[in-house]
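Me: I have a chain open here and would like to talk through how it is put together. Could you take me through it piece by piece?

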Amino acid sequence: LTLTPDIHPLGVAVCISPWNFPLSIFTGQVAAALVTGNVVLAKPAEETPLIAAQCVRILHEAGVPLSALQFVPGDGTIGAALVAAPEVGAVLFTGSTAVARLIQVELASHLSPQGAPIPLVAETGGQNAMVVDSSALAEQVVADVIASAFDSAGQRCSALRVLCLQEDIAQRQLAMLRGALAELAVGPTDRLSTDMGPVITAEAQGQLSAHIERMRALGCRIEQRPLPEACRTGTFVPPTLIEIDDIAQIGGEVFGPVLHVLRWRRGELDRVIDGVNATGYGLTFGLHTRLDDMV
């Protein structure tokens, strides 16, 4: 490997990847750290170690030395120990904002073996919003909303969480969304007919159910389609629409097939955007309009 003059290896890079993209993000972190001349300790999410192990096996077979890439599976205590190790020169992390902040605090408490601050590359969660105005094509909106909010059972950091509908078209748009939601086939993912499978763990299922019940207690209108018989066992959460009055009602990131719908009136868009910005998250954003001024 020949490095260009502007690339300076940091030594030992710890790569901590998430369960929801267990191959692509894992591979991207490892490859980026390796190609810049670092030794890599690859720690996948505890829920998805097997695909990461196979990836490392393939990389070793392709010629990456054992001394340059080590596979370190385990739970969060393993990740914490790796981050705190004095030999570490960099950390690449994808996961929750809360864990990223813990890593940030730990790395700020000491310097790298070279005596420099330890860089953290972190990609965390999002309270991702989409704004739809009265000029939008309703059919296109439905297709994009269903795909973004419910593909992978909503378990993508980029998934749509808050749909902001202009009041003038909200009723019609919601009626179409409900119809599309009723057509989603929820069930085991070994069936080609399935559109949406379970969430990752029973813990995730419990957290999502608790959020839905909390929103119900706040008086929010909630719509869910009943789960079919095939979903009686397993960690399934029904596709859910929750109508809200304020983005702040949601709280933190809701990682699953739950879409919050906020209506806004003409002239209120600045208030809506302020609400999105006030969540403290920034990852993805959607816009459906046919007006250049709106864009």
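**Cores, helix pairs and single residues**

Reply: Keeping in mind that this is a predicted model, I would start from the largest nonpolar core, which has 47 residues, and in which Val-145, Phe-150, Leu-163, Cys-164, Ile-242 and Leu-259 have the most contacts.

Me: Which helices and strands each supply at least two residues of this core?

Reply: Among the helices these are α5 (138–150), α6 (167–182), α7 (202–217) and α8 (269–278), and among the strands they are β6 (129–132), β7 (162–166), β9 (240–244) and β10 (258–264). The element that gives the most to this core is α5, with 6 residues.

Me: And what is Leu-259 in contact with, leaving aside its neighbours within four places in sequence?

Reply: With those neighbours left aside, Leu-259 is in contact with Val-145, Ala-149 and Phe-150, with the run Leu-160, Arg-161, Val-162 and Leu-163, and with Thr-240, Leu-241 and Ile-242. Apart from the core discussed so far lies another core, of 15 residues, which includes Phe-26, Leu-34, Val-40 and Ala-68.

Me: Back to α5 for a moment: at what angle do α5 and α6 pack?

Reply: The angle is about 50 degrees, and the axes of α5 and α6 are 10 Å apart, which means that α5 is oblique to α6. The crossing of the two is right-handed. On the α5 side the contact is made by Ala-138, Glu-139, Val-141, Val-142, Val-145, Ile-146 and Phe-150, and on the α6 side by Arg-172, Gln-173, Met-176, Leu-177, Ala-180 and Leu-181. By class, this contact of α5 with α6 has 10 nonpolar, 1 polar and 2 charged residues.

Me: What about α1 and α2, how do they pack?

Reply: Helix α1 (residues 24–35) and helix α2 (residues 49–61) pack at an angle of about 40 degrees with their axes 10 Å apart, so α1 is oblique to α2. Their crossing is right-handed. From α1, Phe-26, Thr-27 and Val-30 meet Ala-52, Cys-55, Val-56 and Leu-59 of α2, and the residues of this contact divide into 6 nonpolar, 1 polar and no charged.

Me: Changing topic, where is His-288 found, and is it buried or exposed?

Reply: His-288 is found in strand β11 (residues 285–288), and it counts as buried because its relative accessibility is 10%, where the cut-off for buried is under 20%. Leaving aside neighbours within four places in sequence, His-288 is in contact with Met-130, Val-131, Val-132, Asp-133, Ala-136, Gln-140, Val-141 and Asp-144. His-288 is also 9.7 Å from Leu-165, C-alpha to C-alpha, although the two are 123 residues apart in sequence.

Me: And Arg-214, which helix does it lie in?

Reply: Arg-214 lies in helix α7 and is partly exposed, with a relative accessible area of 37%. With neighbours within four places in sequence left aside, Arg-214 is in contact with Gln-249, Ile-250 and Gly-251. The C-alpha atoms of Arg-214 and Ile-250 are separated by 9.4 Å, for a spacing of 36 residues along the chain.

Me: Last one, how many helices and strands are in the protein chain, and what does its C-alpha trace span?

Reply: The protein chain has 8 helices and 11 strands, and its C-alpha trace spans about 60 × 45 × 35 Å along the principal axes. Buried residues make up 42% of the 295 residues. Of the contacts between residues at least 6 apart in sequence, 74% join residues at least 24 apart.

Technical notes: Residues numbered from 1 in each chain as written. Predicted model: local features only at pLDDT ≥ 70, side-chain atom pairs only at ≥ 80, totals over all residues. Heavy atoms only, no water. Axes fitted to C-alpha atoms, helices over the stretch in contact; angles between N-to-C directions. Helix = DSSP H or I, 4+ residues; strand = E, 2+ residues; numbered from the N terminus. Parallel < 35°, antiparallel > 145°, perpendicular 65-115°, else oblique. Left-handed = near helix turned anticlockwise from the far one by under 90°. Contact = heavy atoms within 4.5 Å. Nonpolar A, V, L, I, M, F, W, Y, C, P; charged D, E, K, R; others polar. Core = buried A, V, L, I, M, F, W, Y, C linked by side-chain atoms within 4.5 Å. Buried < 20%, exposed > 50% of the residue type's maximum accessible area, 1.4 Å probe, protein only.
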